[in-house]
Amino acid sequence: MKIQNFIVLLTITLFQILFGLDKVLVSSQCLADQKSLLLQFKDSLNFNSTLSTKLVTWNPSTDCCDWEGVTCSISKNSGHVIGLDVSSEYISGCQLNITSNSLSGLRYLERLNLGFNNFNASEFPEGLSSLTSLSYLNLSTAGFGGNFPSSIANLTQLVYLDFWTNNFSGTISSTHFENLVNLEYIDLGLNLLSGTIPSSLFGLPSLRKLFLSYNDFHGSLPNFTNTQSSQLNTFYASWNNLSGPIPISLFDLKSLGSSSLSHNQLSGEFQLQKLHRFKNLTYINFSFNNLSVESRHDNSSIFLPPLLKEFKMASCKIQHFPDLRHLPSLVTVDLAENQISGDIPNWIWNVGNGGLQYLNLSLNQFDKLQEPFVIHNVSWIDLRSNNLRGDIPVPPNNVLFADYSDNFFNSTIPTNINLTSAIFFSVSSNLLSGTIPVSVCNAPNMKFLDLSNNYLVGGIPSCVFEFGQTLGVLRLGNNSLTGNISGIFRSDCGIETLDLHGNLLQGKVPESLANCLKLEVLNLGNNQISDSFPCFLQDSPRLHVLVLHSNAFHGEIMCQERDQSWENLQIYDIASNYFTGNLSQNFPAWKAMKDGRNVVNILGFEFQSFGNSRKTYEDAVTISIKGKQLELEKILNIFTSIDISNNHFEGNIPHTIGELKSLVSLNLSLNALTGSIPKSIGTLKLLETLDLSRNKLTGKIPVELGDISFLEVLDLSYNQLTGKIPTGSQIQTFPESSFEENKGLCGPPLHKCSGVPVITEDYDDEDPGNNIKWEFVAPEVGFAVGLGIIILPLIFNKRWRYFYYKHVDQILSRVFKMKHPSEKFSDRIRSRGSRIQRDRS
């Protein structure tokens, strides 16, 4: 029995040794000094303990080799820490010296990951330079800054180096990398690095992947060395300031499979057929440089790499459609912003053995789509800004993105169009007619729908307003749509931009629009809507732009102000309606117009696009500014404007207008405003346009108005202003029309006061009513004296008169070559006098 028990015990022990060896050794051999260093490292960090999943598990009473993120060696004589991963631990800073010292003590560390934290622009911990066993270093998106660390040269065992998305600055040199012969992966993208790219980077014998994008590198790309033995298969240096030609040695990199040099200033001619040297190339992007790419070649597709999947040559001055027919793996084609004309070949829809997913031919000069064609599986189609005519191409059922805008398509929208998978559909700025089919509503994933700037008629289907939380942008403006806005916006409405301007819509604004809590831009201008002011929109906390101009809105604006209502409103346009009431009680004074913005943003809508990248639509709006209809193609959140012109407001302009420090444009014209122009308007230092014309304003123009240095447009005409126009840095540069029909105004730029006597009772001691301005009187006296010297002898001396008339006639005859020189100048004077006398009689 004892023997049997012994055998069972021995078997259990053997199983523990065989299958639990790592755990036994690791959990039992954590060295005390290693634990102390790790705890010291933890104490030096500022991190969110409620969100942390690793650091919070570090318990001093347990074995440090069991802590989350810690890896120990398994050799029998040690419990050294060889791996430390505290990525995504919500670290917000550190005590740099302590952090550096504690890490430097972990001398056996082979892998270190501090990524996806925020070390608050701390410099690179110099203690890391002593970790000579380190082969993996990941500081990606960690918030480090300062100059690129020269101590990186000491880490001679490094295989993987990732500094993506930090704030490292300065230059990199050959000395940083020339001894790092084991490096296979380098990512320095999205930093602040500058200078030239050292050639030593391309001489590293083991390097496979090199990422340098999104920096400020300049100069030419260096020649690639050791091209025959180089293992480099990925090279990205896009979004820099690189110039000069693409080095010919790039095409000798036999292993290169993926390369992007887009968004630089590379120049020179480039023959597309050179790509045939890259037998393993799957991705190429040379877009947006100053290159001139020659694509014309017989059977050019046989010269392109057969494994090519993504081909991007946007803005490369290509004039001929490259032959891509024999590329069986092609998925992406981007030829936007080139100079290609003629037909879009019908074979393009079948490239990649029908596997093409992304096609961007926008901003070219294509005339039509070659017939016959069938669009198969393309999920992203961008044909905008060409000269395409005829019927709009019916997108496939699986399309995610279809942009046909800015062409000359002149058909109707197909009644059976299938947009069930679409997130973006635009046919704006074409010649489309007919009605909006109900089928466009069968799009449960739609985020952006734009049918604006066409000739569409009829009512708007109510289902268009009932998309729910998915739809972010709805643009139907500048058509001939009629009827009421009859739909009910759902309680989960996700619309951020609603543009219905420039139609024939009537009725009222539906109160269900208040359900759209994300609404930022509302444009209902130039319709026939008859309603009171939509006070319920105060419940739209994110509203930036409200345009109601040129409708039949009426009545007083009786909204009850609430805390934080419309605190983001920056463009307020209710012009050309029938609003009434006292302006002091209806004048806007919202936070965005008072405080301005610390960060400049462009209003827009962002959504996920092809390949999980992000695409942003930028909002646009048409407003009246500087006397013209101006389309703001990008709405900066720092631009603020108020236009309440052409209504029936009365009363005084409130002195609180001076609180609107961010105001750029103010139009109060064509109302019945009375009182004086408040002095506080002179505190609006950013004001560029001020229109107070055609009111009943009285008093003097405040001198403070002359201190607004950015003012470009000023109109105070057709009021009852009096006194001298104040002097200032710009106010005298405005034309007379800015001040006309103010019978009591005087002074430059007006040449003289109006015919009626100048009202002087309000002038102070320095005004011209109480002083003689000798600088004006002296020239007049001089002119009178000089004229008298000539005229008096002619009147009282016959001899002088005869001599004058005779010689003046001769001079005029020669100068002007008169046909009748014998006619006396005196006769002409007499005949003119006779005509005047006859007219008087």
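**Parallel strand pairing and nonpolar cores**

In strand E15, Ser243 is the bridge partner of Ser220. This pair comes from a predicted model. Strand E15 covers residues 241-244, and 3 bridges join it to E13. The two strands run parallel. E13, residues 216-220, is also joined to strand E11, residues 192-195. Here 2 bridges are found, and the strands again run parallel. Within E13, Asp216 is the bridge partner of Ser194. In general, strands of a sheet pair through backbone hydrogen bonds, and the pairing is either parallel or antiparallel.

A nonpolar surface patch was also found. Leu190, Tyr214 and Trp239 form this patch. Together they have about 270 Å² of accessible area. Leu190 sits in the loop between strand E10 (185-187) and E11. Leu190 counts as partly exposed because its relative accessibility is 33%, and the partly exposed class lies between the cut-offs of 20% and 50%.

The interior was examined next. The largest nonpolar core has 194 residues. Seven members touch the most other members: Leu84, Leu137, Phe177, Phe235, Leu275, Met313 and Tyr572. Several elements give two or more residues to this core. They are helix H3 (32-43) and the strands E2 (70-72), E3 (81-85), E4 (91-94), E17 (265-271), E19 (290-294) and E24 (365-369). H3 gives the most, with 3 residues. A second core lies apart from the largest one. This other core has 7 residues, among them Trp380, Phe401, Phe448 and Val473. In soluble globular proteins, nonpolar side chains tend to be buried together.

Phe177 was followed in detail. Neighbours within four places in sequence were left aside. The remaining contacts of Phe177 include the aromatic residue Phe148. Phe177 also contacts Ile172 and Ile186. Its leucine contacts are Leu161, Leu183, Leu188, Leu201 and Leu204.

Parallel pairing recurs later in the chain. There, 3 strands form an open sheet in the order E50-E52-E53. The pairing in this sheet is parallel. The edge strands are E50 (698-699) and E53 (744-746). Each edge strand pairs on one side only. Strand E52, residues 720-724, is joined to E53 by 3 bridges. In E53, Gly744 is the bridge partner of Thr722.

Note on methods:
Residues are numbered from 1 along each chain as its sequence is written. This is a predicted model: local features need pLDDT of at least 70, side-chain atom pairs count only at pLDDT 80 or more; totals for chains, interfaces and linings use all residues. Side-chain values use heavy atoms; hydrogens and water are left out. Two strands pair if DSSP finds at least two bridges between them. Helices (H or I, at least four residues) and strands (E, at least two) are DSSP runs, numbered from the N terminus. A nonpolar core is a set of buried Ala, Val, Leu, Ile, Met, Phe, Trp, Tyr and Cys residues joined through side-chain atoms within 4.5 Å. Buried means under 20% relative accessible area, exposed over 50%, partly exposed in between (1.4 Å probe, protein chains only). Contact means heavy atoms within 4.5 Å. Patches are made of residues with over 30% relative accessible area and no salt bridge: like charges are joined within 9 Å, nonpolar side chains (Val, Leu, Ile, Met, Phe, Trp, Tyr) within 5 Å. Accessible areas come from the Shrake-Rupley method with a 1.4 Å probe; for residues, only the protein chains shown count as cover. A salt bridge is a side-chain nitrogen of Lys or Arg within 4 Å of a carboxyl oxygen of Asp or Glu.
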